Amino acid sequence: MLIGYLRPYQDDVNCKIQLEILMELGCDRFFTEEHSSPKKRVMLKKMINELQPGDTIVVAKLFSFADSTRHLAELLNQLKQKQAYLYSVGEGIDTNHSSGYSFHDSVNHLLNFQSDVISENTKKGLYEAKQKGIKAGRPRKPDENVKRAIHMYQSQKYSLAQIKEETGISKTTLYRYLES
């Protein structure tokens, strides 16, 4: 039996893209998570528990199936114990057929998978911060402190340590403002 597994992620929040791919492959059943959080993956646990020997889990991308390389290894061990298989469309990985990836291909797939995990977490974090009104990047120093630090430096009455203590402007930041 082909079993489709879907999990929302930033570029496919409603799982529409994943569903199209899995429906084209003719999956018999679908398990869809309600959220993208790695915690409380209820449908994943349910799907693993219901696996029968010979079943194949189909995912659009490896990232939707596992949260890390370690998690992927754990899930693959569970599939092996259940005599079930994994087919990841995006990476072209099918554990049912031993077409034999070279070591180089396997490493590249794992690197791409890890990159997807990092990218997704970054996108999610930036999106959540933006929703809260938080701007990305290093916070700017208040202009009045910069002006005060420049004035103190140009007066030649204060050491760099005193300027930093009074204004919070580091030597590097002060010099950067002096150059511009």
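Buried means under 20% relative accessible area, exposed means over 50%, and partly exposed lies in between (1.4 Å probe, protein chains only). The model is predicted, so local features need pLDDT of at least 70 and side-chain atom pairs count only at pLDDT 80 or more, while totals for chains, interfaces and linings use all residues. Residues are numbered from 1 along each chain as its sequence is written, and side-chain values use heavy atoms, with hydrogens and water left out.

**Exercise 1. Cysteines**

Task: State how many disulfides the structure holds, and explain why Cys27 is in none.

Solution:
1. A disulfide is a covalent bond between the sulfur atoms of two cysteines. The cut-off used here is a pair of cysteine sulfur atoms within 2.5 Å.
2. The number of disulfides in the structure is zero. Cys15 takes part in none, and the nearest cysteine sulfur, that of Cys27, is 13 Å away.
3. The sulfur of Cys27 has its closest cysteine sulfur in Cys15, and because the distance is 13 Å, they are too far apart for a bond.
4. Cys15 is buried, at 7% relative accessible area. Cys27 is buried as well, at 11%.

**Exercise 2. The chain as a whole**

Task: Describe the order of helices and strands in the chain, and compare its radius of gyration with that of a compact globule.

Solution:
1. Helices (H or I, at least four residues) and strands (E, at least two) are DSSP runs, numbered from the N terminus.
2. The chain has eight helices and five strands. Their order along the sequence is β-α-β-α-β-α-α-β-β-α-α-α-α.
3. The radius of gyration is taken over C-alpha atoms, and the globule rule is 2.2 Å times the number of residues to the power 0.38. For a compact globule of 180 residues the value would be near 16 Å, but the chain has 26 Å.
4. The C-alpha trace spans about 80 × 35 × 25 Å along its principal axes.
5. Of the 180 residues in the chain, 31% are buried.
6. Accessible areas come from the Shrake-Rupley method with a 1.4 Å probe; for residues, only the protein chains shown count as cover. The chain exposes about 12100 Å², of which carbon and sulfur atoms supply 52%.

**Exercise 3. Salt bridges**

Task: Give the number of salt bridges, and locate the partners of the Arg29 bridge.

Solution:
1. A salt bridge is a side-chain nitrogen of Lys or Arg within 4 Å of a carboxyl oxygen of Asp or Glu. Six pairs meet this rule.
2. One of the bridges joins Arg29 and Glu50, with 2.9 Å between the closest N and O atoms. Arg29 lies in strand β2 (residues 29-32) and Glu50 in helix α2 (residues 42-50), so the pair ties together parts 21 residues apart in sequence.
3. Both ends are partly exposed: Arg29 has a relative accessibility of 34%, and Glu50 has 32%.
4. Asp67 and Arg41 form another bridge, at 2.8 Å from N to O. Asp67 sits in the loop between α3 (62-65) and α4, and Arg41 in the loop between β2 and α2, 26 residues apart. Arg41 is buried, at 3% relative accessibility.
5. Glu166 and Arg148 also form a bridge, their closest N and O atoms being 3.6 Å apart. Glu166 belongs to helix α7 (residues 160-167) and Arg148 to helix α6 (residues 143-155), with their positions 18 residues apart in sequence.
6. Salt bridges with shared partners connect Arg7, Arg41 and Asp67 in one network.

**Exercise 4. Two residues of helix α4**

Task: Decide whether Leu72 is buried or exposed, and do likewise for Lys80.

Solution:
1. Helix α4 covers residues 69-81 and contains Lys80. Leu72 is in helix α4 too.
2. Leu72 is buried, with a relative accessible area of 5%. Lys80 is exposed, with 68%.
3. Contact means heavy atoms within 4.5 Å. Not counting residues up to four places away in sequence, Leu72 touches Leu62, Phe65, Ala66, Leu86, Leu110 and Phe113.
4. The C-alpha atoms of Lys80 and Phe113 are 20 Å apart.

**Exercise 5. Positive phi**

Task: State the sign of phi in Lys40 and in Gln83.

Solution:
1. Most residues other than glycine have a negative phi.
2. Lys40 is not a glycine, yet its phi is positive, about 55°. Lys40 is in the loop between β2 and α2 and is exposed, at 67% relative accessible area.
3. Gln83 also has a positive phi, near 60°. Gln83 lies in the loop between α4 and β4 (85-88).
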